[in-house]
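Good morning, and thank you for coming. I would ask you to keep the model in view while I speak.

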Amino acid sequence: MEGQEEQPFREANTEPIVTSGGSEVVPRVLPGEPQNLSDVDAFNLLLEMKLKRRQERPDLPRTVTELVAEDGSRVYVVGTAHFSDDSKKDVVKTIREVQPDVVVVELCQYRVSMLKMDERTLLREAKEISLEKLQQAIRQNGVMSGLMQMLLLKVSAHITEQLGMAPGGEFREAFKEASKVPFCKFHLGDRPIPVTFKRAIAALSFWQKIKLAWGLCFLSDPISTPFSPSKDDVERCKQKDLLEQMMAEMIGEFPDLHRTIVSERDIYLTYMLRQAARRLELPRASDAEPRKCVPSVVVGVVGMGHVPGIEKNWTTDLNIQEIMTVPPPSVSSRVSWLAVKATFLGLLGYGLYWMGRRASSLVLSLPAAQYCLQRASKAWPHK
């Protein structure tokens, strides 16, 4: 294995490109020597070299779970902690050992930017949570979803400040390693985050929403519990994803949130891994040649907390249409929300009226104001 790492396949002319769908990144191999080969011969040559590098019995980290599809395709799920150097090493080792055809990561198109940001930029972005960011999140996702997004950012920023490490390092390593593997596709396998937040809010009752909004508005420190993670804590938490564990502690009073934020995403991730694990059709020199398909090899990079759910759902029939729709608010919920808004605006108006009267009384009671009023009354002509 060491010898293989010292003499890697020649990849100086490779670069990752994003497909038009926005959910897949495909490492592209540019034309190189020898140029007298046909496309099929070149493909077969690169494929042969890739298969030689692929280990028949890979030496995988203990955080890897192997799953087998019905057609014989193999999926290696790497369970990670999002703030972990060891997780990054596990991802790199797994991809180099199995030389996958597809790499699937727990990201959606709304978070793909973290793949191209360097560590320093991500650290700065995570720490700078401003009112402008909150307003932008609320405009894009609504009040409750925007507040939930800011909660997630505050939790992430808190861990970032304590560890000096930006989240998602394992995804960036997966992206880099996938670009070194010939013909390896890179898929974004997580459900879009706006859908997750909107479904989470829709799952709550009206009073639960009020309670959650109150708690989020007056949350001064994202980690008010005694749990304050160190780097050793992170590695110990590889049995359960640190970020989602802390989120679970903070939303423990709302089990419906756990269902939409974790369990439904388990289903979606499983579906995307199964979609990636399809047999590959090899190119043919001519149409007369018979079609030949081979099982594919997939590496999935997900938070450790999702691995049990993926294993549980692997052999079940999945319907993701249900978990991709946002149910409309009920009539009672809309009426209650309008009543709360009307009450709030009424109290606000009364408060401004009361403050105006109070301020006017204070101003008129000042000696200078009394003097001016007396002078004005004398100067005003009496009928």
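I shall go from the overall picture to the strands, then to the nonpolar cores, and finally to one arginine.

Please bear in mind throughout that this is a predicted model. The protein has 383 residues, and 41% of them count as buried. Its secondary structure comprises 15 helices and nine strands. The exposed surface amounts to about 22300 Å², and carbon and sulfur atoms supply 56% of that area. Let me add a word on contacts between residues at least 6 apart in sequence: 79% of these join residues at least 24 apart.

Let us turn to the strands. β3 and β4 form a hairpin, with five residues between them. In the turn, Gly72 has a positive phi of about 95 degrees. The two strands of the hairpin run antiparallel and are joined by five bridges. As one example of the register, Glu66 in the hairpin stands opposite Tyr76 in β4.

Thr65 also belongs to this region, in strand β3, which covers residues 64-68. Is Thr65 buried or exposed? Its relative accessibility is 18%, and a residue is buried under 20%, so Thr65 counts as buried. Beyond its neighbours within four places in sequence, Thr65 is in contact with Val75, Tyr76, Val77, Val307 and Glu311.

On β4 itself, a second pairing is found: β4 and β9 pair in the parallel sense, over seven bridges. Within that pairing, Val77 has Gly300 in β9 as its bridge partner. How many of the seven residues of β4 are buried? Six are, and β4 is therefore largely enclosed by the rest of the structure.

I now come to the interior. In soluble globular proteins, nonpolar side chains tend to be buried together. Here, the largest nonpolar core has 22 residues, and those with the most contacts inside it are Val103, Val105, Ala174, Phe186 and Val299. Two or more residues each come from β4, α3, β5, α7, β6 and β9. Which element gives the most to this core? That is α7, with four residues. Ala174, which I have just named among the best-connected residues of the core, touches Val91, Ile95, Val103, Val105, Phe186 and Val301, not counting residues up to four places away in sequence. There is also a second, separate core of 16 residues, which includes Val75, Leu269, Val298 and Val302.

A search of the whole structure finds one aromatic pair. The rings of Phe175 and Phe186 have their centres 5.2 Å apart and their planes at 85 degrees, so the arrangement is edge-to-face. Phe175 lies in helix α7 and Phe186 in strand β6, eleven residues apart. Both partners are buried: Phe175 has a relative accessible area of 13%, and Phe186 is at 1%.

My last subject is Arg191. It lies in the loop between β6 and α8. Arg191 is buried, with a relative accessible area of 0%. Which side chain makes a polar contact with the side chain of Arg191? The partner is Glu264, at 2.8 Å. Leaving aside neighbours within four places in sequence, the contacts of Arg191 also include Cys108, Thr196, Arg199, Thr260 and Tyr268. Finally, Arg191 and Tyr110 are 81 residues apart in sequence, and their C-alpha atoms are 9.8 Å apart in space.

Thank you. I would be glad to take questions.

Terms used: Residues numbered from 1 in each chain as written. Predicted model: local features only at pLDDT ≥ 70, side-chain atom pairs only at ≥ 80, totals over all residues. Heavy atoms only, no water. Buried < 20%, exposed > 50% of the residue type's maximum accessible area, 1.4 Å probe, protein only. Contact = heavy atoms within 4.5 Å. Polar contact = N/O pair within 3.5 Å; in protein donor to acceptor, adjacent residues only side chain to side chain. Core = buried A, V, L, I, M, F, W, Y, C linked by side-chain atoms within 4.5 Å. Areas by Shrake-Rupley, 256 points an atom, 1.4 Å probe, with all protein chains shown as cover. Phe/Tyr/Trp six-rings, centres within 6.5 Å; stacked < 30°, edge-to-face > 60°. Pairing = 2+ DSSP bridges.
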